[in-house]
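This report covers selected local features of one model. Please read it alongside the sequence and the coordinates.

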Amino acid sequence: MNNNGRILVLSGPSGSGKSSLLKYLLANFDNATVSISVTTREPRKNEVHGVDYEFVSKDEFQKLIDNNELLEYEEVHGNFYGTSKRQIDSALSEGKIVFLDIDVQGYELVKKAYPDITSGIFVTTPNIEILKQRLQSRGTESEESMKVRIFNALREMEKIPLYDYLLINDNFNEAKEFLRSVAISSLIRASRYKINEFIKEWKGS
């Protein structure tokens, strides 16, 4: 029987609530962990190395690329973000559900690398106006950054058909329970097991 875990990728526009949903799930689901992105950007206030991100220099990030230690990476506003293979493989070997908060391009790469154990969840708001309101309520977005995020959101929405689940985060209490249900159901997906071996063991042969 295959004791490996599962990968659940969350993608969606900035401001859709992915981070809040993940924080809830990690606090209320024993078998889940989140892959912490490696980044070259400077830590924001209250961000902790090894908890929010792995903060590295651009030289260190380049070494990770050269050594093929990143599953996927991208450049955003002059800073690099990547997903560590080591983190994922370690968690999978412990049979955990690994959550990734990455974009559509990253999801496609993860799906290609781990096709049998990866599921995708696209998280978004009910409409673009609510997304704008949530971004504005942060109080951290300039007019220019708002335009960039909305432009990116419109492009991301076109990729919804690539995902297994669409989670419309209109009511947070409902959304968090839907996400928890997906996590639970992922534990019994047939692809998680080596079926032929299981049947052989079941027969006692």
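Contact here means heavy atoms within 4.5 Å. The model is predicted, with local features needing pLDDT of at least 70 and side-chain atom pairs counting only at pLDDT 80 or more, while totals for chains, interfaces and linings use all residues. Residues are numbered from 1 along each chain as its sequence is written, and side-chain values use heavy atoms, with hydrogens and water left out.

**Buried serines and a threonine**

Helices (H or I, at least four residues) and strands (E, at least two) are DSSP runs numbered from the N terminus. Ser-119 is placed in strand 8 (residues 118–124). Leaving aside neighbours within four places in sequence, Ser-119 is in contact with Arg-6, Ile-7, Leu-8, Val-9, Tyr-107, Asp-164, Tyr-165 and Arg-189. Between Ser-119 and Leu-10 the C-alpha to C-alpha distance is 8.9 Å, although 109 residues separate them in sequence.

Relative accessible area sorts residues as buried (under 20%), exposed (over 50%) or partly exposed (in between), using a 1.4 Å probe and protein chains only. Ser-119 has 1% relative accessibility and therefore counts as buried.

Ser-11 belongs to strand 1 (residues 6–11). This serine counts as buried because its relative accessibility is 0%. Not counting residues up to four places away in sequence, Ser-11 touches Lys-18, Ile-102, Asp-103, Val-104, Tyr-107, Ile-121, Phe-122, Val-123 and Tyr-163. Tyr-107 is thus listed for Ser-11 and also for Ser-119.

Ser-84, in strand 6, counts as buried at 5% relative accessibility. The residues that Ser-84 touches, not counting those up to four places away in sequence, are Val-38, Glu-69 and Leu-70. Ser-84 and Ile-36 lie 48 residues apart in sequence, with 7.9 Å between their C-alpha atoms.

Thr-125 sits in the loop between strand 8 and helix 5 and counts as buried at 6% relative accessibility. Among the residues that Thr-125 touches are Gly-15, Ser-16, Ile-130, Leu-131 and Ile-168.

The side chains of these four residues take part in polar contacts, as tabulated below. A polar contact is a pair of N or O atoms within 3.5 Å; within protein, one must be able to donate a hydrogen and the other to accept it, and residues adjacent in sequence count only if both atoms are side-chain atoms.

| Side chain | Partner | Distance |
|---|---|---|
| Ser-11 | Tyr-163 side chain | 2.7 Å |
| Ser-119 | Arg-189 side chain | 2.7 Å |
| Thr-125 | Asn-127 backbone oxygen | 2.8 Å |
| Ser-84 | Arg-86 backbone nitrogen | 3.3 Å |

**Helix 5 and helix 6**

Two packed helices are described by the angle between their axes and the distance between the axes. Axes are lines fitted to C-alpha atoms, for helices over the stretch in contact, and angles run from 0 to 180 degrees between N-to-C directions. The axes of helix 5 (residues 128–138) and helix 6 (residues 143–157) cross at roughly 145° and come within 11 Å. On the helix 5 side, the contact involves Ile-128, Leu-131, Lys-132, Leu-135, Gln-136 and Arg-138, which meet Met-146, Arg-149, Ile-150, Ala-153 and Leu-154 of helix 6. Sorted by class, this contact has 7 nonpolar, 1 polar and 3 charged residues. In that sorting, Ala, Val, Leu, Ile, Met, Phe, Trp, Tyr, Cys and Pro count as nonpolar, Asp, Glu, Lys and Arg as charged, and the others, Gly among them, as polar.

**Aromatic pairs**

Rings of Phe, Tyr and Trp (its six-membered ring) pair if their centres lie within 6.5 Å; planes under 30 degrees apart count as stacked, over 60 as edge-to-face and the rest as tilted. The whole structure holds 6 aromatic pairs. Phe-61 and Tyr-73 are edge-to-face, because their planes stand at 80°, with ring centres 6.1 Å apart. This pair links distant parts of the chain, with Phe-61 in helix 2 (residues 58–66) and Tyr-73 in strand 5 (residues 70–76), 12 residues apart. Phe-61 is buried at 1% relative accessibility, whereas Tyr-73 is partly exposed at 40%.

Phe-61 also forms a tilted pair with Phe-80, at 5.6 Å centre to centre and 35° between the planes. Phe-80 lies in strand 6 (residues 79–84), so this pair ties helix 2 to a part 19 residues away in sequence. Phe-80 is partly exposed, with a relative accessible area of 23%. Tyr-53, Phe-55 and Tyr-81 form one aromatic cluster.

**Asn-68**

Asn-68 is in the loop between helix 2 and strand 5 and counts as exposed at 53% relative accessibility. Its phi is near 55°, a positive value in a residue other than glycine. Most residues other than glycine have a negative phi.
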